[in-house]
Amino acid sequence: MAVKHAELAEKFIADEPRTNWHDETLWFVREKRDKAAHGLPEWEQLREWGSQIKNNTLSNLSNYLKEFEEKATANGIKVHWASDAQEHNEIIHKIIQKHGIQKIVKSKSMLTEECHLNEFLQHKGIEVVDTDLGERIVQFRKEPPSHIVLPAIHLKKEDVSATFHEHLQTEKGNNDPQYLTEAARQHLRNKFVESQLAITGVNFAIAETGGFVVCTNEGNADMGAHTAPVHIACMGFEKLIPKAAHLSVFLRLLARSATGQPITTYSSHFNKPRSNQEMHLVIVDNGRSKQLGREDFRNSLKCIRCAACFNTCPVYRRSGGHSYHTAVAGPIGSILNPNLDMKANADLPFASTLCGSCTNVCPVKINIHEQLWKWRQVIVAEGYVATSKKISMLGMRFVFSNPKIYRLIGKTGRGIMHLFPFMINNKLNVWFKQREMPEAPKDSFRDWYLKNRKN
Amino acid sequence: MSARENILKAIAMNQPKLAELPVIDIGSTIHYEDSYAQFRTVLESIGGKVELISDLTVLKDQLISDRLNGKFVVNTIETLGEVDQKAAFLSAFELEKVEKGYVQGTVGVAENGAVWIYESQMINRLVPFICQHLILVIEKKNIVDNLHQAYEKIDVSKEGFGVFIAGPSKTADIEQSLVIGAHGARSATIYVIE
Amino acid sequence: MKIALFIPCYIDQFYPNVGIATLQLLEKLGCDVSFPLQQTCCGQPMANSGFASLSKGCDLNFIKNFSGFNYIVAPSGSCVLHVKEHLHSDKHPVEAFLLRNTIYELTEFLTDILKVENINASFPYKVGWHNSCHGQRGLNLSSMTERMLPEFSKPEQLLKMVKGIELRKPKRNDECCGFGGTFCVSEEAVSVKMGKDRIKEHEDNDVDYITGGDTSCLMHLEGILRRKGSKVKTIHIAEILNSVL
């Protein structure tokens with residue numbers, strides 16, 4: 001039985017100082033986002049525009065996709081379609097084999113994480129070098145990223161230093177981020193320069209022009225894409241937007257929401273391959289068309305992968321991305337992943353107090369917390385919930401539909417707490433682990449009311 | 001049926017009722033009293049440098065001096081001096097050694113310090129990314145308030161490639177410590193011609 | 001106008017003083033308040049656990065008890081939000097609609113309906129305010145730090161009318177306490193950690209009391225406070241607004 005969020009979170013929290021550090025670091029990113037948002041009087045209007053553009057996109061997606069494919073193809077981009085992760089990986093593998101490619105660099109693409117591309121290629125003896133600094137760090141450590149924008153946020157500089165000492169022969173114990181980044185720069189520069197294939201993600205694809213945009217701070221996507229003779233860009237089909245002018249809305253929202261910057265250092269707009277370069281684009285479904293058909297959950301496809309919801313989520317900050325056991329963690333992951341595999345991800349919508357903060361920070365106004373609640377209903381209806389829980393809920397239903405029984409249970413429960421506290425205050429009572437139980441009054445409110453008000 | 005047909009069919013079947021596109025009122029977006037000042041402030045806060053110049057003399061001299069000193073530089077700006085057309089044919093191995101890239105930009109964006117560069121202004125797509133130090137040149141009158149106005153002034157699909165570059169490359173992936181100079185340029189200086 | 005008092009199940013059973021304070025406060029403000037005697041629960045614990053399908057009996061009982069009043073008032077943001085969003089009945093759709101639109105949380109009832117301008121209450125203590133999520137974000141009882149909108153707070157507006165009170169805001173003004181319904185036991189580690197972190201910020205402010213509009217949050221925080229032997233106590237806002245010299 002796969003380990004669930006609650007157990008993984010408990011392990012994470014066991015190191016309380018580290019949990020505090022993780023929580024404060026991510027809260028700081030949330031604060032930077034607030035500052036950036038405050039700097040634009042039209043912030044809420046921008047969110048509304050972003051939301052409406054994405055609503056329009058989803059409602060006209062089949063036409064936009066055809067328009068996009070037509071334009072991209074006319075511009076010399078080879079467009080491929082993949083129904084699922086397996087097909088996506090095979091398409092890429094085929095291109096690699098056709099050219100006899102050995103040296104591959106990849107910039108950040110959560111889609112390739114979702115499809116487990118690196119593992120797939122590794123099994124075929126093909127090495128992929130992740131070039132986003134955070135991704136490279138976790139790649140060395142053989143870990144998945146814990147955050148879709150800040151992949152190594154769960155690591156301290158001492159951890160990175162140890163990893164680089166092992167893999168890049170940096171000075172042992174030298175934790176200076178400047179020094180470590182320089183080492184990565186030199187190491188990856190060689191990889192870029194000799195790369196034969198560059199795989200990138202896609203932040204936005206434009207139906208009107210057939211072009212796509214890739215945003216980075218490091219410049220790693222471009223270092224690979226403008227060097228390698230072959231460039232493959234991978235995208236979920238929901239990355240589409242109708243017009244180039246709409247990029248202004250999304251680029252203004254994206255970096256501010258993600259890290260509090262007004263824009264990423266590089267916003268690269270690709271339209272055509274270089275002369276004597278092959279450019280491919282893989283459009284992937286992998287459950288997205290199914291999600292599109294779910295009326296309550298299709299809005300989750302508006303996501304622009306900014307991770308603002310991660311940074312604001314009090315649960316994510318205290319449990320870390322690995323507790324979500326999926327490529328995309330956090331609140332948005334919890335409404336996307338049950339669609340991919342409801343059984344494996346049945347725990348995720350419950351890893352939340354439904355506080356609603358995520359919905360408030362989402363730049364495209366996805367009603368995340370409402371979808372979390374709705375997923376709970378679906379998961380229970382499908383039977384992916386513990387029998388013990390079902391039984392206790394049936395008990396609750398009985399009690400709460402019968403006033404007399406409710407009062408009897410209440411009075412009895414309080415009586416037991418009063419007379420035999422050890423029956424409640426023990427190891428079997430999860431509440432009692434770290435909290436005192438509330439005191440049990442002799443009279444309920446209703447008892448008091450009858451004695452003091454009802455004539 | 002191919003994957004393409006299956007996917008498009010599923011999408012057509014599942015997509016919701018048509019929702020209208022919003023009307024983007026650019027007039028309601030942020031406007032700066034002094035867009036140059038804002039451009040400069042933002043760029044300096046993201047590790048870039050801005051120099052206001054009345055004409056290209058100082059840059060021309062710098063380029064000449066760089067070349068005399070044997071620095072490997074690539075110049076793409078006609079008005080600055082000899083354009084290094086050969087950069088179009090250099091391999092990545094060779095371009096990796098470029099110390100400085102002098103690149104012409106089209107517009108500057110005050111709200112975020114970004115400069116738009118068309119492929120034709122780069123000679124080689126790699127130039128603005130692979131050089132150790134980037135020098136961008138724009139005209140002050142081409143600094144707009146925000147991205148909405150920028151997209152009105154440029155045509156991002158006109159050429160095979162184009163990019164907004166805002167300052168030097170950077171990363172904060174190591175414990176959120178900001179390090180300037182990741183994989184792209186270690187420094188970016190924007191010369192604004194009055 | 002006739003008001004029905006809705007006392008959430010856990011307040012009825014464990015914190016009757018909150019119910020008493022609410023009733024006395026409303027009466028002091030001139031309201032004609034009834035307490036329907038057969039009320040049980042709003043159904044939120046089941047619904048939030050994914051078992052909204054089991055709430056029909058509960059909903060029916062709610063409708064039976066609370067129909068026929070001008071307003072229903074409850075000292076709980078989360079229960080009121082649940083009723084507003086999820087009270088449905090195939091048998092009594094009109095009644096359900098009316099209830100969804102006439103149910104109020106206590107503080108918003110005071111500010112929006114009664115339009116209270118002064119309260120004859122005294123509470124000379126240092127008090128930390130806790131923004132309960134469902135009331136704040138769901139019922140819009142106050143502005144939220146995530147949104148770029150004008151600042152306001154209905155509960156604080158009322159608390160500022162209380163003599164002698166010294167309000168102290170925690171650093172993270174609207175972070176969740178971690179109770180979250182069954183979350184408090186199903187994700188016990190995260191739940192308690194979240195509660196501990198809230199408490200630390202209030203303790204850093206050296207408060208005597210932590211107050212809020214939802215007893216569920218307060219019960220969770222109180223559990224942690226008492227376990228660590230803290231001198232900080234929790235109290236519901238109704239009890240503060242109802243306290244006299």
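**Exercises on chain B**

Of the 194 residues of chain B, 57% count as buried, and the model in which they are placed is a predicted one.

**Exercise 1.** Work out the strand order of the open sheet of 5 strands in chain B, and explain why one side of β1 and of β2 is left without a neighbour.

*Solution.* Begin with the order, which reads β1-β11-β6-β3-β2 in chain B, with parallel pairing. Next, turn to the edges, where β1 (49-53) and β2 (73-75) of chain B stand; each has a single partner strand, and therefore one side of each lacks a neighbour in the sheet. Then add the twist, which averages 15° from one strand to the next.

**Exercise 2.** Describe how β2(B) pairs with strand β3 of chain B, and find the residue that stands opposite V73(B).

*Solution.* First locate β3(B), which covers residues 100-104, and note that its pairing with β2(B) runs in the parallel sense over 3 bridges. Then look across from V73(B), where K100(B) in β3(B) is the residue standing opposite.

**Exercise 3.** Identify the strands of chain B across which helix α3 lies, and give its angle to β3(B).

*Solution.* Take residues 57-68 of chain B as helix α3, and follow this helix across β1, β2, β3, β6 (133-139) and β11 (187-193) of that chain. Its direction is then compared with that of β3(B), to which helix α3 runs at about 150°.

**Exercise 4.** Place these elements within chain B as a whole by stating its secondary structure and the box that its C-alpha atoms fill.

*Solution.* Count the elements, which come to 6 helices and 11 strands in chain B. Finally, take the principal axes, along which the C-alpha atoms of chain B fill a box of roughly 65 × 45 × 40 Å.

Notes:
Residues numbered from 1 in each chain as written. Chains lettered and ligands numbered in written order. Predicted model: local features only at pLDDT ≥ 70, side-chain atom pairs only at ≥ 80, totals over all residues. Heavy atoms only, no water. Pairing = 2+ DSSP bridges. Helix = DSSP H or I, 4+ residues; strand = E, 2+ residues; numbered from the N terminus. Axes fitted to C-alpha atoms, helices over the stretch in contact; angles between N-to-C directions. Contact = heavy atoms within 4.5 Å. Buried < 20%, exposed > 50% of the residue type's maximum accessible area, 1.4 Å probe, protein only.
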